[in-house]
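Got your viewer open and a selection tool ready? Let's take a short walk, one stop at a time.

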Amino acid sequence: MSAERTTGSRPVATPSTGTRTRSVASVPDEHPVGHIQAWIGLGANLGNPLVTLQMALRELAQAGDVIVQATSPFYRTAPVDSSGPDYVNAVTRIVTSLAPHVLLALLQRIEQQHGRQRPYQNAPRTLDLDLLLYGKLRIDDDTLVVPHPRMHLRAFVLRPLLDIEETDMMIEGQPLQQWLARLGDTQPLQKLPA
């Protein structure tokens, strides 16, 4: 996630209505009126990525107006359109009353607390928190594009999403599983021990 405007094809995501929680669930799938579900991609490839992601998840859960509902397992992946050491990635589903841009600002503050710098696009990073989906809302402005425009092209997003969501979750009118199958073995993932 960056403050720069993201361009590219815009996937349309339609989360399934009966989502299930498989790992690290802290609350049931129901959420209070006035709150919305959002999905956040987490990644890091500098320092100790696994520890950094675990700390970022705790900080997110401690933020006001955010409830972490489910978090996928962690996966090790080679950089995609980037460089440096392997990444550790995961996806988390939250419920929040924060507006999308306020949530983005929170994610960027957490990134900065972990030393995130943006010397150039797709630079290696200590922490990357991407707002993938914010309910069914579509946003395309100078600071935020939701749904994330490349999530359907990233195994490190699709596989973790499948871990915490029903298989009928759709992106651009196709199930997550179909997008993942299209990638084949081009983006191998290694599930890390729990």
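Helices (H or I, at least four residues) and strands (E, at least two) are taken here as DSSP runs, numbered from the N terminus. Keep in mind as you look around that this is a predicted model.

With those labels in hand, select Pro147, in the loop that links strand S8 (145–146) to helix H3 (155–164). Look at the peptide bond leading into Pro147 from Val146: it is cis, with omega near 0 degrees. Most peptide bonds are trans, and most residues other than glycine have a negative phi.

The next two stops concern phi. Pick Asp65, in the loop between H1 and S3. Asp65 is not a glycine, yet its phi is positive, near 65 degrees. Asp65 is partly exposed, with a relative accessible area of 46%. Then move to Glu172, in the loop between strand S9 (170–171) and strand S10 (174–175). Glu172 also has a positive phi, near 50 degrees, and counts as partly exposed at 33% relative accessibility.

Now turn to the interior. Select Leu60, Ile94, Leu103, Leu106 and Leu131: within the largest nonpolar core, of 29 residues, these touch the most other members. Colour S2 (36–44), H1 (49–62), S3 (66–71), S5 (87–96), H2 (100–113) and S6 (128–134), each of which supplies at least two residues of this core. Which element gives the most to this core? H2 does, with five residues.

Stay with Leu106 and show its contacts: beyond its neighbours within four places in sequence, they are Leu60, Ala63, Val66 and Leu98. For the last stop, select Leu133, Val157, Leu176 and Leu183, which are among the 19 residues of another core, apart from the largest one.

Definitions and conventions
Residues are numbered from 1 along each chain as its sequence is written. This is a predicted model: local features need pLDDT of at least 70, side-chain atom pairs count only at pLDDT 80 or more; totals for chains, interfaces and linings use all residues. Side-chain values use heavy atoms; hydrogens and water are left out. A nonpolar core is a set of buried Ala, Val, Leu, Ile, Met, Phe, Trp, Tyr and Cys residues joined through side-chain atoms within 4.5 Å. Buried means under 20% relative accessible area, exposed over 50%, partly exposed in between (1.4 Å probe, protein chains only). Contact means heavy atoms within 4.5 Å.
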